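Reader: Please take one side chain and give me a close look at its surroundings. Then set it against the rest of the model. Keep it short and concrete.

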Amino acid sequence: MNFILIAVIVLGAIGLIAAVVLFVASKKFAVYEDPRIAQVAEVLPGANCGGCGFPGCSGMADALVKGADAGSLDGLSCPVGGSEVMTKVADLLGMAIANSEPMVAVVRCNGTCEHRAKIAEYAGLRTCAAMHACGAGETACGFGCLGCGDCVAACQFGAISIDPATGIPVVDEEKCTSCGACVKACPRNIIELRKKGPKGRRVFVSCVNKDKGPVAMKACAVSCIGCGKCEKECPFGAITVENNLAYIDFEKCRLCRKCVTVCPKKAILDVNFPTPPPTPKPKEAPKPVEKPAEAPKPAEKPVEAPKPEEKPVEKPVEAPKPVEAPKPEEKPVEAPKPKKPAPKRGAMLDTDSSISIK
């Protein structure tokens, strides 16, 4: 019994000493955590997607609290919760935030099976990263979508899927939270976060091919050839052409869609517009307007109708030509001229006779 009692006393003493040491250490090396961090973390959606740029929602909550202490929440936004969650966070921290426009993932490649033929068969690991590391992939375009679905696997919200008919990823705007996971997963940087736009309308160049025009045309039927027509047509300076590729700045774009109509390869897409973009044909519309102007010409023909009426007027004018008939009458007037020499002959006879009389 003495051994058991001694063991209990020793263990109790050790536990007591350890508790005292831990208590002193916790007070000595305590790290203060703002209670607001836990409150903000509760407001956040808890998706831990990393779309905000921080390691999970706890990291975002810490950054928001620190930003509030600094006096500004600029640059901090939860892509999953959107403006609604950020408004709640701002109210909790006593801050005001600017309303940021919603973003959405955009796949900048239109190289469907119809537009981009296969030239090889890939038999390796079926991921975009592995196929990209091996070369251009199964088509001649070394910039286009590989269609293996790395972006689909990266999305935690089921907002992106591969269309079996085209082989190109399709983004569901309603489910997309613009977390950016698909953007990071794409090895060819085809997916981009752009402004969702009013009523979901947006215009973008659906191509990332930087090859020269002839090479790009051989690889894909709808590739950008860097002709620069869209850049010249844009009245807002929203389009630039660099490295044989056009790019539309969504901050400057006013959705006029003039670039869509002038693109010879149809590489610029307009999304969620109710009607098709106006075509250049209306510019030729004034030509039909000129035709009615020529319509009076038939009216001039009836004006020429009176000409037949003038002809009968000319006939009676020609009738007086017989007036020239007196000319033959003048000729007989000249006929008596030979009669005048007759007296001369008589005179001569008289002289002769007189001479003879003498």
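Author: The answer below starts at one residue and works outward.

This is a predicted model, in which local features need pLDDT of at least 70, side-chain atom pairs count only at pLDDT 80 or more, and totals for chains, interfaces and linings use all residues. Numbering runs from 1 along each chain as its sequence is written, and side-chain values use heavy atoms, with hydrogens and water left out.

Start with R202. It sits in strand β5, residues 202–205. Strands here are DSSP runs of E with at least two residues, helices are runs of H or I with at least four, and both are numbered from the N terminus. R202 is buried, at 8% relative accessible area. Buried means under 20%, exposed means over 50%, and partly exposed is in between, with a 1.4 Å probe and protein chains only.

What does the R202 side chain meet? A polar contact of 2.5 Å joins it to the side chain of E173. A polar atom of the R202 side chain also lies 2.8 Å from the backbone oxygen of G200. (A polar contact is a pair of N or O atoms within 3.5 Å; within protein, one must be able to donate a hydrogen and the other to accept it, and residues adjacent in sequence count only if both atoms are side-chain atoms.)

R202 and E173 also form a salt bridge, at 2.5 Å from N to O. The pair links distant parts of the chain: E173 is in the loop between β3 (169–171) and α7 (181–185), R202 is in β5, and 29 residues separate them. A salt bridge puts a side-chain nitrogen of Lys or Arg within 4 Å of a carboxyl oxygen of Asp or Glu.

Now the wider set of neighbours. Beyond four places in sequence, R202 is in contact with V104, V106, E173, K195, K196, L255, L269, D270, V271, N272 and F273. Contact means heavy atoms within 4.5 Å.

One of these neighbours, L255, deserves a second look. L255 has a positive phi of about 60° although it is not a glycine. Its place is the loop between β7 (245–248) and α10 (258–262). L255 counts as partly exposed, at 23% relative accessibility. N189 also has a positive phi, near 55°, and is not a glycine either. N189 lies in the loop between α7 and β4 (191–195). N189 is exposed, at 57%.

Next, the other salt bridges. A search of the whole structure finds 10 of them. D69 pairs with R36, the closest N and O atoms being 2.7 Å apart. D69 is in helix α3 (residues 56–70) and R36 in helix α2 (residues 35–43), so the bridge ties together parts 33 residues apart in sequence. D69 is exposed at 52%, while R36 is partly exposed at 24%.

R126 and E138 form another bridge, at 3.3 Å from N to O. R126 sits in the loop between β1 (103–107) and α5 (128–134), and E138 in the loop between α5 and α6 (150–154), 12 residues apart. R126 is partly exposed at 44%. E138 is buried at 7%.

For contrast, turn to helix α1, residues 2–28, which holds L11. None of the 27 residues of α1 is buried, so the helix lies largely in the open. L11 is exposed, at 62%. With I6, V10 and I14, L11 makes a nonpolar surface patch of about 400 Å². (Patches use residues with over 30% relative accessible area and no salt bridge; nonpolar side chains, namely Val, Leu, Ile, Met, Phe, Trp and Tyr, are joined within 5 Å, and like charges within 9 Å.) The end C-alpha atoms of α1 are 39 Å apart, which agrees with the 39 Å expected for its 27 residues at 1.5 Å a residue. That expected span is 1.5 Å times one less than the number of residues.

Last, the whole protein. It has 15 helices and 8 strands. Of its 358 residues, 29% count as buried. The exposed area is about 23400 Å², and carbon and sulfur atoms supply 61% of it. These areas come from the Shrake-Rupley method with a 1.4 Å probe; for residues, only the protein chains shown count as cover. Among contacts with a separation of 6 or more, 58% join residues 24 or more positions apart.
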